[in-house]
Amino acid sequence: MKRLVCLVLALTLSLAMYSVVANAEQKTVNFLHWRTEDVDTYNQIIALFEKEHPDIKIVMDVPTQTYEEYYTILKTRVMGGGEDLDVFAVHPDANLKLYAKNGTLAPLTDLTVLPKLNAGLLDAGKVDGTLYAVPQAMNLEGMIYNKKMFKDNGLEAPKTWDEFINCCKAFQAKGIAPISIGVGDKFPPVWLLIQFLDEARDWDWFKGIDTGKLLYTDEVFKEVLSGIQEMKPYFVSGFEGTSYDQSITLFANEQAPMLVCGTWVVGQLASLNPNLEFGNFTIPYPHDKYATRPNLNPAQCFGIYSGTKVMDEAKLFLNFLCDTEAMTLYGNRSIQAVVNTEVKLDLPALNDIVEQAKAGVMSNHYNTEVPKVEGLNQEIAARAALGDDVGTILQEAQDELDLVIGR
């Protein structure tokens, strides 16, 4: 009996010691991002990862969903030595370039999941040719359209500028306002500007805006803004004061057959009108001067802090986030198209987007280190939609940019 008690005690002590050792060996990876709406989805992904890697604990932190606040928090943590910073979200804009060039972000060229990801979208995470951040979800910007309304009126998604304008005229002739757009919130017309620029120019072109080599008075900006103004007669009545949300509702209620937006709206449309038959198309460049091609826009990117003490574990987690199982879960839960080209999602519209994106190019407006440019792009596109003189719009934008870059 004493011998049995001793054996039980020894076994209990052994298990306790094993538990202590196991806990001591467990590594923690801190995961920072701004997407409060995705917390439940990420919790599911984290649970799957931790089941596969019981020696790694993921601690998620979502301190804000505000752009400015997020980067203030990120800056504070970097300056504080990054003790609670391992895997974190970063926008593929001037922020990515800042953190790549100052050594905050670690190169990610050895992630095993990379061959599964849309190669064009990986450009979003590169700085000077090196990959520092990996996109997870993605969008195409352009035109969402009502497939049933097009079919009922004997129309198909246009492939040329003339076909596009003819579609607008055909709907207008039947008393249907063709295009829903929320100019009241100022920013929606920029999606037209960006799409046209991506058809006209490649990734490296927009970088010239930083040095003054590229000017807003460049001929391509004149063509693009003039193209937006050619679309103006086909905007819904009262578009000048229509908000972004109102423009979506108008389309969801089938009061307009087209919506200026990006594919991030797919989930919202499906929720507002489950019976809505819709898709998206890339608007041809004005008068077909350049070939039509989809533009790629990452929804969020993730990088790894270069000073992390758990680099191997952080890479394992980032690799998992982008692999097929996690991407499928994320795409279906968030109702977003994802960067992993092997994924098949529940909503057919999302799979169409993933397929279209294979022929797309990375949106070149991300390739600048001047934050002011984003605001200027929105300003010139909105003014063009409202009908302001194109030459005046562009000269005033260039004057503002010159002050910023000290030209």
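Buried means under 20% relative accessible area, exposed over 50%, and partly exposed in between. The close-up views below are drawn from a predicted model.

**View 1. The salt bridge between Glu 396 and Arg 383 joins two helices.** The closest N and O atoms of Glu 396 and Arg 383 are 2.7 Å apart. Glu 396 belongs to helix 16 (residues 390-405) and Arg 383 to helix 15 (residues 372-386), with the two positions 13 residues apart in sequence, and the pair links distant parts of the chain. Glu 396 has 38% relative accessibility and therefore counts as partly exposed. Arg 383, at 16% relative accessibility, counts as buried.

**View 2. Asp 110 and Lys 315 meet in a salt bridge through their side chains.** The N to O distance in this pair is 2.9 Å. Asp 110 sits in the loop between helix 4 (94-101) and helix 5 (119-122), whereas Lys 315 is part of helix 12 (residues 311-322), so the contact ties together parts that lie 205 residues apart in sequence. Asp 110 is partly exposed, at 46% relative accessibility. Lys 315 is buried, with a relative accessibility of 18%.

**View 3. A salt bridge connects the side chains of Arg 293 and Asp 202.** The N to O distance here is 2.8 Å. Both residues lie in loops: Arg 293 in the one between strand 10 (278-281) and strand 11 (295-298), and Asp 202 in the one between helix 8 (190-200) and helix 9 (219-231). The two residues are 91 residues apart, and their pairing links distant parts of the chain. With a relative accessible area of 51%, Asp 202 is exposed.

**View 4. Lys 101, Lys 207, Asp 210 and Glu 369 form one salt-bridge network.** These four residues are joined by salt bridges that share partners. For the structure as a whole, the count comes to 19 salt bridges.

**View 5. Cys 167 is a buried cysteine without a disulfide partner.** The structure holds 0 disulfides. A disulfide requires a pair of cysteine sulfur atoms within 2.5 Å. The cysteine sulfur closest to that of Cys 167 belongs to Cys 168 and is 6.9 Å away, too far for a bond. Cys 167 has 4% relative accessibility and is buried.

**View 6. Cys 322 is likewise buried and too far from another cysteine sulfur for a bond.** The sulfur of Cys 322 lies 9.2 Å from the closest cysteine sulfur, that of Cys 301. The relative accessibility of Cys 322 is 1%, so this residue counts as buried.

Technical notes:
Residues are numbered from 1 along each chain as its sequence is written. This is a predicted model: local features need pLDDT of at least 70, side-chain atom pairs count only at pLDDT 80 or more; totals for chains, interfaces and linings use all residues. Side-chain values use heavy atoms; hydrogens and water are left out. Helices (H or I, at least four residues) and strands (E, at least two) are DSSP runs, numbered from the N terminus. Buried means under 20% relative accessible area, exposed over 50%, partly exposed in between (1.4 Å probe, protein chains only).
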